[in-house]
Amino acid sequence: MYGYHSLAFAQEYPAVDNDTENLDVSLEQFGQLLNQATDLLLARYAELDTPAHPGHTQPEVFSWFDEPIPEHGIAIERLLAEVKTKVLDTAAMNIGPHMYAYVMAGGNQVSIIADLLASAVNQNVAKWHLAPAMTEVEKRVIEWTAEFIGYAPDSGTGSVGGAMVSGGSAANLTGLTVARNIFFERAEIRKHGLFGQPPCIVYASDQTHNSVDKSVQLLGIGSANYRKIPVNADYQIDIQALLDQIEIDQRAGLQPFCLIGNAGTVNTGAIDPLDKLADIAEQYGLWLHVDGAYGGLAASLPELKANFQGIHRAHSVACDFHKWLYQGFEVGCTLVRDWEQLRRTYYTVADYLGGSPNSLPDGSRRLDINEHHFQLSRNAKAFKVWMSFKAFGSRRLQAMIGKDIQLRAYLDQQIQQAPDFRAINSGRLSIACFQYIGSGHYSEPELQRLNTLIIPALEQDRRVFITGTRLHGQPVIRACIINHRKNQSHIDYLLDVIRATGRKIEAGLVPSAGSAA
């Protein structure tokens, strides 16, 4: 039977010398290819001050890649040329200074080098003996992150635990998974699930990231048991409305179990009163999770410490390094009070993972990350964060975060002084929401239409990449400044582009009969 299959294989595929052939080129050619790739990268970075949006249509981009699976390869030099034309030259300029959409930080050069090196050694940060250095790097980054933002809960263990994940969404899911499994541990939830338990209720403001909606669905909690609490004029959670809802749920025989505080909402950058939320969590015996994916790392700034007061009292915190630590996609982190909470949440026995004892003959202990997180196979996400901290130092990174916030303040100032813009909302972080009002001779419905039309028009214009949102039902332009490559001239350019685009739209608007002349 073995011989039959070997013969069939030989007839189907090209002959391969099992002793000498593999997928590698010579080291000399590999070096040449790395140099070619580096040249492509440098050429792209030499043109950062270019249109932020590529401007190609979906059918056009689809056509570039619409081909059957290749049966035979092409020269890698030719492949890199194709990559330049189809991928690098057409990429949205997340790395450039004219990106204001969503929360896009642009990366940094050290992070690029780190990703290359991490890919080259291809470590699997699952068990300590598979990736000794990278495991210790990950543990150190978790310690540094906790120190950076002031997360030092008194857990009695002296060591904050954490998990490096893909980003803020996964960090929230991880935090809520630990919350569920630890909160209901006595009910043996990992064995029995939520069956037989009263509905468990999660509380957060109605400005909370939609990853929480997804998380409560994935965790079996259910969206019907997620209470979205209204906010005040500053888009912070309404404390009295929260207390009233908890009381209502308790009287109904439900089980309030988790309270989520925002350390910077994605919509406006609002920071919930975390200390008050911690008091409420203690009063009602709730798990307090803080979503700091966007703004949490700004807690490192001395001038903002008061705004984040109480973050150290959280049971878990979500952070996102590819936002305000200027990392390339993707890397986030969940912090918890100690490593044992993660192990109690995730650890399962598997025979094929039994060859690496944690306690060693010399008395030392080594931590296997796979016992403390859902994933087994994991890349070395922490490495680029470690290299960035080492290369820049925490103070320089803080200075860049502070610069982004100062640029947001400059944008606020320019908007307030301009007769053709109207400020709508701006918090303490780096998001500004505003409207283009043009000549000002428009009714409110006409202004809503103008600011609805302006976002797709700006995308079509391509010079800047900016998105909008809705506040109190109004369409607004939302600028998120989270890129160390920006300066005041880029803010001025942003307003010039919006103004020019808005005037083109105005030329096509027909004022209503009730508008001023």
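Contact here means heavy atoms within 4.5 Å. With that in hand, let's walk through a few spots in this predicted model.

**Two helices side by side**

Start with helix 10 (residues 239-251) and helix 11 (residues 274-284), which pack at an angle of about 15° with their axes 11 Å apart. That angle makes helix 10 roughly parallel to helix 11. As for handedness, the two helices cross in a right-handed way. On the helix 10 side, I239, L242, L243, I246, E247 and Q250 do the touching, and they meet K276, L277, I280 and Y284 of helix 11. Sorted by class, this contact has seven nonpolar, one polar and two charged residues.

**A closer look at D275**

D275 also sits in helix 11. Is D275 buried or exposed? D275 is partly exposed, because its relative accessible area is 28%, between the cut-offs of 20% and 50%. Leaving out residues up to four places away in sequence, D275 touches Q309, G310 and R313. D275 and N307 are 32 residues apart in sequence, yet their C-alpha atoms are 9.5 Å apart in space.

**The sheet**

Further along, there's an open sheet of four strands in the order 8-9-11-10, paired antiparallel. Its edge strands each pair on one side only:

| Edge strand | Residues |
|---|---|
| Strand 8 | 421-426 |
| Strand 10 | 467-471 |

On average, neighbouring strands of this sheet are turned by 40° against each other, direction ignored. Strand 10 is joined to strand 11 (residues 474-480) by five bridges, and R470 has P475 in strand 11 as its bridge partner. Helix 16 (residues 488-508) lies across strand 8, strand 9 (431-436) and strand 11, and runs at about 30° to strand 9.

Note on methods:
Residues numbered from 1 in each chain as written. Predicted model: local features only at pLDDT ≥ 70, side-chain atom pairs only at ≥ 80, totals over all residues. Heavy atoms only, no water. Axes fitted to C-alpha atoms, helices over the stretch in contact; angles between N-to-C directions. Parallel < 35°, antiparallel > 145°, perpendicular 65-115°, else oblique. Left-handed = near helix turned anticlockwise from the far one by under 90°. Nonpolar A, V, L, I, M, F, W, Y, C, P; charged D, E, K, R; others polar. Buried < 20%, exposed > 50% of the residue type's maximum accessible area, 1.4 Å probe, protein only. Pairing = 2+ DSSP bridges.
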